[in-house]
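Visitor: I would like to learn how to read the features of a protein model. Please take me through one example.

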Amino acid sequence: MTFNVNGGASLEPASLLALHPDLVTIEECGDALRDRLAHVEGWYAASRFNLCFLSRWPIVAVDSLVPWNVGNQGFSGVAAAYTVRTPAREIHIVNLHLDTPQKGLAPLRGGSGLGALDVNTGIRDAGSDRAHNWVRTIR
């Protein structure tokens, strides 16, 4: 399961776990939620930057891609890779959080044209490509 919690200040881990996931990746994970996740009994937790991760199984490695800011246009994304030891074998999970598409879509509602959408799409594409290339180096 993946969830963008926009900080998650009031989110309780029990509400996520009630859905019975095996793995949970969280974007925009704030400090308060990060602290609560680290103390969920019977679960393994890890975090990098604003990404948090919960697993039913041991997390044996964590790596991350440093966010890359693009001036006042936003950021190209942040990513974290987790190696999890399941009963069957080790698996790799990657959580990628790109800049919001709203920065490109919102101006369209006001009739501003496609310029902001083109810029936003370019930043998101660059972030996705950057993450793709990074993941290939850690496997």
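Guide: The turns below go through sheets, a core, a surface patch and salt bridges. The model is predicted.

Visitor: Let us start with the sheets. In what order do the four strands of the open sheet stand?

Guide: A sheet is read by the order of its strands and by the sense of their pairing. Here the order is β1-β2-β4-β3, and the pairing is mixed.

Visitor: Which strands stand at the edges of that sheet?

Guide: The edges are β1 (2-7) and β3 (44-48). Each has a single partner strand, so one side of each lacks a neighbour in the sheet. From one strand to the next, the twist averages 20 degrees.

Visitor: How many bridges join β3 to β4?

Guide: Five bridges join them, and the two strands run antiparallel. Strand β4 covers residues 51-55. To find the register, look for residues that face each other: Ser47 stands opposite Cys52 in β4.

Visitor: What is the order of the open sheet of three strands?

Guide: Its order is β5-β6-β7, with antiparallel pairing. The edge strands are β5 (59-65) and β7 (90-97), and each of them pairs on one side only. The twist in this sheet averages 15 degrees from one strand to the next.

Visitor: How many bridges does β6 form with β5, and how many with β7?

Guide: β5 and β6 pair over six bridges in the antiparallel sense. Eight bridges join β6 (residues 78-85) to β7, also antiparallel. The β6 and β7 strands form a hairpin, with four residues between them.

Visitor: Which residues can I use to check the register of these pairs?

Guide: Take Val62, whose bridge partner in β6 is Tyr82. For the hairpin, Ala79 has Leu96 as its bridge partner in β7, and Ala81 has Val94 there.

Visitor: Is β6 mostly covered or mostly uncovered?

Guide: Burial is read residue by residue, from relative accessible area. In β6, seven of the eight residues are buried, so the strand is mostly covered by the cut-off of under 20%.

Visitor: Now the nonpolar core. What is the general idea?

Guide: In soluble globular proteins, nonpolar side chains tend to be buried together. In this model the largest nonpolar core has 13 residues. Ile26, Cys29, Leu33, Leu37 and Leu54 touch the most other members.

Visitor: Which elements each supply at least two residues of this core?

Guide: They are α1 (13-17), β2 (23-29), α2 (31-37) and β4. The largest share, three residues, comes from β2.

Visitor: Is Glu28 buried, partly exposed or exposed?

Guide: Glu28 belongs to strand β2. With a relative accessible area of 26%, Glu28 is partly exposed. For distance along the chain against distance in space, compare Glu28 with Trp134: the two are 106 residues apart in sequence, and 21 Å apart from C-alpha to C-alpha.

Visitor: Which residues form the nonpolar patch on the surface?

Guide: A patch is read from its members and their accessible area. Leu105, Leu108 and Leu114 form this one, with about 240 Å² of accessible area together. Of these, Leu108 is found in helix α3 (residues 102-109), and its relative accessibility of 32% makes Leu108 partly exposed.

Visitor: How many salt bridges are there?

Guide: The count is five. For each, read the N to O distance, then the place and exposure of the two residues. One of them joins the side chains of Asp22 and Arg56 at 2.9 Å, N to O.

Visitor: Where in the chain are Asp22 and Arg56?

Guide: Asp22 lies in the loop between α1 and β2, and Arg56 in the loop between β4 and β5. The pair is 34 residues apart and links distant parts of the chain. Asp22 is partly exposed at 38% relative accessible area, and Arg56 is partly exposed at 34%.

Visitor: What is the N to O distance between Glu90 and Arg85?

Guide: This salt bridge has an N to O distance of 3.6 Å. Glu90 is partly exposed at 36% relative accessibility, as is Arg85 at 45%.

Visitor: Is Asp99 buried or exposed?

Guide: Asp99 counts as buried, at 4% relative accessibility. Its side chain meets that of Lys103 in a salt bridge of 3.2 Å, N to O. Lys103, at 41%, counts as partly exposed.

Notes:
Residues numbered from 1 in each chain as written. Predicted model: local features only at pLDDT ≥ 70, side-chain atom pairs only at ≥ 80, totals over all residues. Heavy atoms only, no water. Pairing = 2+ DSSP bridges. Axes fitted to C-alpha atoms, helices over the stretch in contact; angles between N-to-C directions. Patch = residues over 30% accessible without salt bridge, like charges linked within 9 Å, V, L, I, M, F, W, Y side chains within 5 Å. Areas by Shrake-Rupley, 256 points an atom, 1.4 Å probe, with all protein chains shown as cover. Salt bridge = Lys/Arg side-chain N within 4 Å of Asp/Glu carboxyl O. Buried < 20%, exposed > 50% of the residue type's maximum accessible area, 1.4 Å probe, protein only. Core = buried A, V, L, I, M, F, W, Y, C linked by side-chain atoms within 4.5 Å.
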